[in-house]
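Please read the following points alongside the sequence and the model. They are meant for someone meeting this structure for the first time.

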Amino acid sequence: MPEEHAFLSASGAHRWINCTPSAALEKQFPDTAGSYAAEGTLAHSLAELKLRKQFEVMKLSAYKQRLAEIQSDELYQREMDGYTDAYVDYIRSLCMAFAGTPYVVVEKRLDFSQIVPGGFGTGDCVILYDDTLHIVDLKYGKGVAVSAENNPQLRLYALGAVQEYSLLYTIRQVQMHIVQPRLDNISTDSLTADELQQWGERVKPLAEQAAKGTGEFRAGDWCRFCRAKAQCRARAVQMLEIGKRQTDPLLSDAEIGSILTAAQSLQSWVKSLEEYAERQLIAGKEIPGWKLVEGRSNRTLTDTDAAFQVLEQSGYDAALLYERKPLNLTALEKLCGKKHLTELIGGYIVKPPGKPTVVPAADKRRPYAKKKLEEMFGGKSS
Ligand code: SF4
């Protein structure tokens with residue numbers, strides 16, 4: 001769940017662990033997460049409700065009332081139901097795999113201030129069974145697949161949960177799970193409770209620096225969601241280093257590989273600079289060498305119904321004026337929900353092979369089959 005009050009949030013831990021002064025620097029910039037964050041919050045509320053119904057005693061009338069409230073929200077979409085069901089199904093299967101009944105807590109406030117000054121957050125679902133603690137986190141975003149491996153947010157939650165429950169339970173193992181249903185992404189990681197504590201001890205001095213706003217600015221993939229990313233000098237220095245190192249007039253394949261990797265961050269950096277410049281210019285400030293102009297626009301009808309009425313009255317057949325188009329699969333999924341759509345027309349849905357695409361080696365997709373490339377390009381190379 002979004003954490004609104006912790007200065008050093010668990011969700012931002014990847015950033016402030018790697019760039020300790022970033023949290024203090026970010027304070028001067030507004031949070032512009034906007035409607036995506038609000039949509040995620042609503043999905044979490046729906047998931048929470050379903051989990052509570054599953055694992056706690058809840059009157060049907062109370063459930064229905066809360067459900068109706070959520071469904072009447074303008075950000076609610078039917079697909080949210082299918083996605084939150086997938087999350088609840090995952091937790092249910094996890095619990096059914098145990099030999100007995102686990103202890104399940106939904107939306108648990110977790111205090112990890114023993115490691116991070118003032119640190120707390122909300123664990124979406126905490127499960128205790130035998131000697132193992134499970135932390136399950138729902139990610140509703142669909143921009144980037146989030147991995148549970150070495151994930152500092154989940155580890156901080158786990159440290160909070162160990163602190164909370166270690167008097168009642170002997171916790172030896174910790175398993176962390178991310179369920180990101182809109183990307184069909186399930187990711188898990190595990191470590192022993194001792195390893196978790198050792199990790200916490202390594203993070204502690206960094207958290208203390210981050211709380212004071214001291215340490216070194218270090219740019220990296222963690223800059224992506226930093227509010228200072230447009231104006232940050234450390235990031236600019238890193239971006240402008242690209243391609244500077246060698247003197248050979250031609251780039252080697254190895255250099256092209258490194259530049260492509262760096263260029264991924266470069267694209268998003270340039271976009272953040274453009275957004276910053278636009279805000280400044282709109283506010284009447286100057287960005288030397290740049291100005292605001294009217295972008296391209298397309299002609300449009302002020303009143304489509306009235307205009308089409310005129311056309312029909314002038315003798316044009318309505319059948320010629322309108323086209324009837326089937327919805328695409330994304331829109332159909334929104335209309336029917338993923339599960340129901342698959343039940344209805346799953347047999348008609350195929351996924352043809354995509355065109356070859358260059359991606360970083362760390363991408364989880366399998367490399368394009370060599371045989372298929374030979375069929376397509378006849379084994380030609382430049
Ligand atoms: S943009 Fe990157 S380097 Fe700059 S403060 Fe943020 S996290 Fe640190």
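**Notes on the predicted model**

1. In this predicted model, the side chains of glutamate 39 and arginine 182 come together in a salt bridge, with a distance of 3.6 Å from N to O. The two partners belong to distant parts of the chain, for glutamate 39 lies in helix 3 (residues 34–55), while arginine 182 lies in the loop between strand 4 (173–180) and strand 5 (185–192), and 143 residues separate them. Glutamate 39 counts as buried because its relative accessible area is 14%, under the 20% that sets the limit for that term. Arginine 182 is likewise buried, with a relative accessible area of 16%.

2. How many salt bridges does the structure hold? The total is 16, and the pair of glutamate 39 and arginine 182 is one such contact. A further example joins aspartate 137 to lysine 139, where the closest N and O atoms are 2.7 Å apart. Aspartate 137 is buried, since its relative accessibility is 1%, and lysine 139 is also buried, at 16% relative accessibility.

3. Aspartate 184 deserves a look on two counts, the first being its salt bridge with lysine 338, in which the closest N and O atoms are 3.3 Å apart. This pair, too, links distant parts of the chain: aspartate 184 is in the loop between strand 4 and strand 5, whereas lysine 338 is in helix 13 (residues 338–345), 154 residues away. Are these two partners buried or exposed? Aspartate 184 counts as exposed because its relative accessibility is 60%, over the 50% required for that term, while lysine 338, at 31% relative accessibility, counts as partly exposed.

4. The second count concerns the backbone, since aspartate 184 has a positive phi of about 50° although it is not a glycine. Most residues other than glycine have a negative phi, which is the reason for pointing this out. Asparagine 150 is another residue other than glycine with a positive phi, here near 50°, and its place is the loop between strand 3 (132–138) and helix 6 (152–165). With 55% relative accessibility, asparagine 150 counts as exposed.

5. Which residues are linked with Arg15 in a network of salt bridges? The network takes in Glu26 and Arg227 along with Arg15. Arginine 15 is located in helix 1 (residues 13–18), and at 14% relative accessibility it counts as buried. If residues up to four places away in sequence are set aside, arginine 15 touches Ser22, Glu26, Trp222, Phe225 and Cys226, so that Glu26 appears among its contacts as well as in the network.

6. The remaining point is the ligand, which is surrounded by 13 residues, the closest being Cys19, Arg218, Cys223, Cys226 and Cys232. Cys226, one of these closest residues, is also among the residues that arginine 15 touches. The shell around the ligand is made up of eight nonpolar residues, four charged residues and one polar residue. As for where the ligand sits, the space that it takes up is the largest cavity.

How values were computed: Residues numbered from 1 in each chain as written. Predicted model: local features only at pLDDT ≥ 70, side-chain atom pairs only at ≥ 80, totals over all residues. Heavy atoms only, no water. Near = heavy atom within 4 Å. 1 Å grid on protein atoms, 1.4 Å probe; cavity = no way out; pocket = protein on both sides within 12 Å on 5 of 7 lines; lining within 4 Å. Sits in = over half its atoms within 2 Å of the grid points. Nonpolar A, V, L, I, M, F, W, Y, C, P; charged D, E, K, R; others polar. Salt bridge = Lys/Arg side-chain N within 4 Å of Asp/Glu carboxyl O. Helix = DSSP H or I, 4+ residues; strand = E, 2+ residues; numbered from the N terminus. Buried < 20%, exposed > 50% of the residue type's maximum accessible area, 1.4 Å probe, protein only. Contact = heavy atoms within 4.5 Å.
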